[in-house]
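The following exercises concern model confidence, internal cavities and nonpolar cores. Please work through each one with the structure at hand.

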Amino acid sequence: MTRYYLPAAILGLLLAFWFSPDVQEIAAGVAIFLFGMLMLEDGFKLLGGGTLESVLEKATASTPRAISFGVLSTTLLQSSSLVSIVTISFLSAGLISLIGGVGIIFGANIGTTTGAWLVAGLGLKVNIAAYAMPMIAISVILVFQKAKALRGIGYALAGLGFLFLGIHYMKEGFDAFKDQIDLTRFALSGLLGLFVYSLIGTAATVVMQSSHATMVLILTALAAGQISYENALALAIGANIGTTITAIIGSLGANFQGKRLALAHLIFNMATAIVALLLIVPLREAVDWISDMVGIDPDDFAMKLAVFHTIFNVLGVALMLPTLGRLIPFLETRIPEPVPDVSRPRYLNEAVDEFPQTLEIALRKEVSHLYDNATELILHGLNLHRDQIFAAEDVAALVRKSRRPLELDLTEAYERRVKTLYSGIVEFTSRVGDKQVAPDIAERIFALRDVASNIVQAVKSIKHLRKNVLRYTVRPQGETTELYDDLRTQIARIAIEIKKLSLAEPEDRSALWLDQERARIEEDARSTTNRVGALIRKGELSPAAATSFMNDSGYAYDAMRDLIEAARSYYIERDSAMAEVERILSLDEEELNEAMTSKRPLEGAETDTRST
């Protein structure tokens with residue numbers, strides 16, 4: 001069906017252009033208007049620099065605040081579709097709650113009515129094309145500037161200019177079209193007219209994916225006398241139904257929360273439309289009463305349509321708000337949360353790709369997911385239970401008691417639970433280069449990719465260690481078992497300290513602790529080398545066993561270094577004043593080595609050989 005849709009649409013337009021040249025002007029007006037909306041959205045994305053996303057994250061503390069944000073943001077952006085996509089993106093990334101997202105959708109439906117007021121009150125009564133041309137001319141100069149803010153203003157200004165120009169051409173096209181064909185001949189009254197024209201309004205919005213563009217088209221046609229007022233009301237109701245298509249399409253790449261929000265959007269708009277159709281007569285009377293009260297001319301049907309559009313959207317919100325307590329459980333039951341699959345990316349989906357802040361937050365959560373999987377494999381690879389280690393008061397004692405081998409194919413588990421996630425993270429971060437992402441956000445995203453790499457390397461190191469852990473720690477074998485138990489204890493201790501770091505408040509996390517841990521690791525590595533040398537001299541450890549252990553200790557200390565570096569990059573805030581002080585105080589590699597007491601290397605044992 002998709003293969004034939006585009007050629008059929010183009011053929012239909014060409015035939016319409018052939019039979020009536022004035023259709024070209026209307027079609028061009030619609031196209032220019034939609035292009036203006038795209039430029040306006042791009043301008044706000046550049047100009048906002050994440051402001052919209054940051055405000056959205058904080059604006060959902062209560063349902064009234066969420067609704068207010070929906071109204072305000074849609075009024076400013078003149079696009080309920082954009083607000084819906086942003087909301088789905090943030091909901092998918094776990095930054096806002098489902099009830100907060102539903103509140104924003106409610107408010108966006110009210111906010112979209114301001115477009116009808118602007119067009120009916122200004123666009124159809126003033127020669128706005130005279131303002132459009134200077135705006136477009138000035139915008140071109142700004143778009144080519146290097147400063148991001150100026151380019152954002154340029155895109156937004158161009159978007160407004162094209163919006164005005166599109167409205168002008170639609171209005172002119174319908175005025176000229178009126179002299180050739182009188183579309184009012186196709187007007188339908190009564191219930192049949194309501195049903196048919198509601199379907200037409202829905203279809204038009206589905207095609208253009210913009211209820212705002214559909215409303216402008218309806219208003220210009222109504223102002224030109226090409227459709228009746230009654231049919232225009234039905235078209236407006238249909239446009240409200242059709243606007244849900246954007247949210248539905250946006251939710252296809254989202255997680256279960258995004259799909260729940262799209263369903264809520266559909267239920268809300270469908271319920272509002274049904275109520276408007278059932279109460280069409282009282283609503284028309286209410287429109288007439290309000291119009292008389294505010295001084296709108298009885299024959300100014302465009303303004304009356306704007307009043308009607310506002311009334312039935314506000315009525316829909318008023319009717320749906322009391323049902324929120326039942327709507328949310330219904331959505332959660334209808335689209336249940338899937339059973340988590342720890343082997344697949346949980347937060348990386350297409351819905352979070354659109355906005356910089358959701359890119360970073362979703363990736364941060366996915367890296368945490370990877371670390372949880374990796375920690376379990378690392379400790380299980382050492383024959384240690386993660387829950388027992390995190391709850392232990394005496395880690396060393398617990399390690400000495402842990403002699404039973406755990407049933408684990410570490411290679412298979414690595415492929416399924418670590419490598420798959422890491423591949424998803426790498427693929428996700430590679431898409432950042434194709435997007436207009438601020439340098440600081442891009443830097444943090446690539447830093448998170450490096451954190452994931454450190455985590456993966458730690459698991460790989462434990463894979464090398466696994467064979468001899470099984471060989472020497474399942475049953476006591478003298479000094480060799482004690483050496484391996486010490487390595488297991490040190491790795492378990494690092495995992496415990498990183499767990500504590502994750503539970504601490506951000507302002508309480510310190511990079512100085514990480515430097516101390518790094519120093520301790522290097523000291524332990526040197527003391528282990530000396531201990532092995534002493535055991536060889538006493539005849540308690542053979543050179544062959546010593547060489548094998550030193551290889552394994554190298555893997556173990558590499559794993560600890562990788563975990564410490566991952567924790568540093570993931571948890572420590574670099575942009576706070578405390579972080580700057582700690583950066584000055586923290587030790588670099590050269591200072592760290594100087595701080596350690598130099599020890600002679602192990603004599604008679606190879607300390608730098610790694611078996612694969």
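**Exercise 1.** State the average pLDDT of the protein and how many contacts residues 574–585 have in the model beyond near neighbours in sequence.

*Solution.* The average pLDDT (the predictor's confidence in each residue, from 0 to 100) is 79, and 80% of the residues score at least 70. Over residues 574–585 the pLDDT falls below 50, and this stretch has eight contacts (heavy atoms within 4.5 Å) beyond near neighbours in sequence. Where pLDDT is low, the predicted coordinates should not be read in detail.

This is a predicted model, in which local features need pLDDT of at least 70 and side-chain atom pairs count only at pLDDT 80 or more, while totals for chains, interfaces and linings use all residues. Residues are numbered from 1 along each chain as its sequence is written, and side-chain values use heavy atoms, with hydrogens and water left out.

**Exercise 2.** Identify the residues with the most contacts inside the largest nonpolar core, and the helix that supplies its largest share.

*Solution.* A nonpolar core is a set of buried (under 20% relative accessible area, 1.4 Å probe, protein chains only) Ala, Val, Leu, Ile, Met, Phe, Trp, Tyr and Cys residues joined through side-chain atoms within 4.5 Å. The largest one has 106 residues, and Val102 and Val367 have the most contacts inside it. Its largest share, 14 residues, comes from α22 (helices are DSSP runs of H or I, at least four residues, numbered from the N terminus). A second, separate core of 38 residues includes Ile167 and Tyr229.

Conventions: Buried < 20%, exposed > 50% of the residue type's maximum accessible area, 1.4 Å probe, protein only. Helix = DSSP H or I, 4+ residues; strand = E, 2+ residues; numbered from the N terminus.
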